[in-house]
Amino acid sequence: MVALADAQSSAPKGRGKMLSMIVAGVLGLAGAAGGYLAVAQGLVRLPGGEAPVAAAFSAPEPVSFIAMEPLIVNLPTASAGRYLRFTAQLEVPAASAPEVERVMPRITDVLNGYLRAVTPADLADASGLMRMRGMMLRRVQAVAGEGNVRNILVMELVVN
């Protein structure tokens, strides 16, 4: 009889323990959601909480665009007499513009070398231009210095 009484008395304790854990979990989630909404709505301010928001919405750094001279290169011999005409602009931070203009002959040289190896098949698929842009940008950044060139904007790319 004692064993039966122990079994019956332990069942409600287990259910009560499980119920209290579920209630605690729901209340914890509700508290976390309420705290997030209070901070997001601006009802509660955290110490030093305004600096990251202000930095995220600050004015962008001024940029300059440096036009490159058009490049005309012969394509590899498999293309038999075809050539590529390429024109681009470099997007640079305004403070870096004089430095980039100073090394423009080197930038032209490195792009000339790269473009001479391009085949019409490289341009045939849709992602060819994006791949080329990435490869050219890496080469230009290596020549111009870290952080001096943000992007290369292709203005003209003609295969004839």
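Let me begin with helix H4, which has 12 residues and reaches 16 Å from its first C-alpha to its last, close to the 16 Å expected at 1.5 Å a residue. Please bear in mind throughout that this is a predicted model.

Which residues of H4 are buried? They are Met104, Ile107, Leu111, Tyr114 and Leu115. Because these residues cover an arc of only 90° around the axis, they lie on the same side of H4. The general background is that an α-helix has 3.6 residues a turn, so residues three or four places apart point the same way. On the other side of H4, the exposed residues are Pro105, Arg106 and Asp109.

What do the buried residues of H4 pack against? Their partners are strands E1 (63-67), E2 (71-74), E3 (83-93) and E4 (151-159), together with helices H3 (97-102) and H6.

I turn now to H6. This helix has 17 residues, which should span 24 Å at 1.5 Å a residue, and its end C-alpha atoms are indeed 24 Å apart. Its buried residues are Gly128, Met132, Met136, Leu137, Val140 and Ala144. Seen down the axis of H6, they fall within an arc of 155°, so they line one face of the helix. Met130, Arg138 and Ala142 are exposed on the other side of H6. The buried residues of H6 pack against E3, E4, H3, H4 and helix H5 (120-124). Just after H6 comes Gly145, with a positive phi of about 105°.

Let us next consider how these two helices meet. H4, residues 104-115, and H6, residues 128-144, pack at an angle of about 145°, and their axes are 9 Å apart. The crossing of H4 past H6 is right-handed. H4 contributes Arg106, Ile107, Val110, Leu111, Tyr114 and Leu115 to the contact, while H6 contributes Met132, Met135, Met136, Arg139, Val140, Val143 and Ala144. What kinds of residue make up this contact of H4 with H6? There are 11 nonpolar residues and two charged ones, with no polar residues.

Finally, I place this pair in the context of the protein chain. The chain has six helices and four strands, and along the sequence they follow the pattern α-α-β-β-β-α-α-α-α-β. Of its 160 residues, 22% are buried. Among contacts in the chain with a separation of 6 or more, 69% join residues 24 or more positions apart.

Conventions
Residues numbered from 1 in each chain as written. Predicted model: local features only at pLDDT ≥ 70, side-chain atom pairs only at ≥ 80, totals over all residues. Heavy atoms only, no water. Axes fitted to C-alpha atoms, helices over the stretch in contact; angles between N-to-C directions. Left-handed = near helix turned anticlockwise from the far one by under 90°. Contact = heavy atoms within 4.5 Å. Nonpolar A, V, L, I, M, F, W, Y, C, P; charged D, E, K, R; others polar. Expected span 1.5 Å × (residues − 1). Buried < 20%, exposed > 50% of the residue type's maximum accessible area, 1.4 Å probe, protein only. Arc of directions from axis to C-beta.
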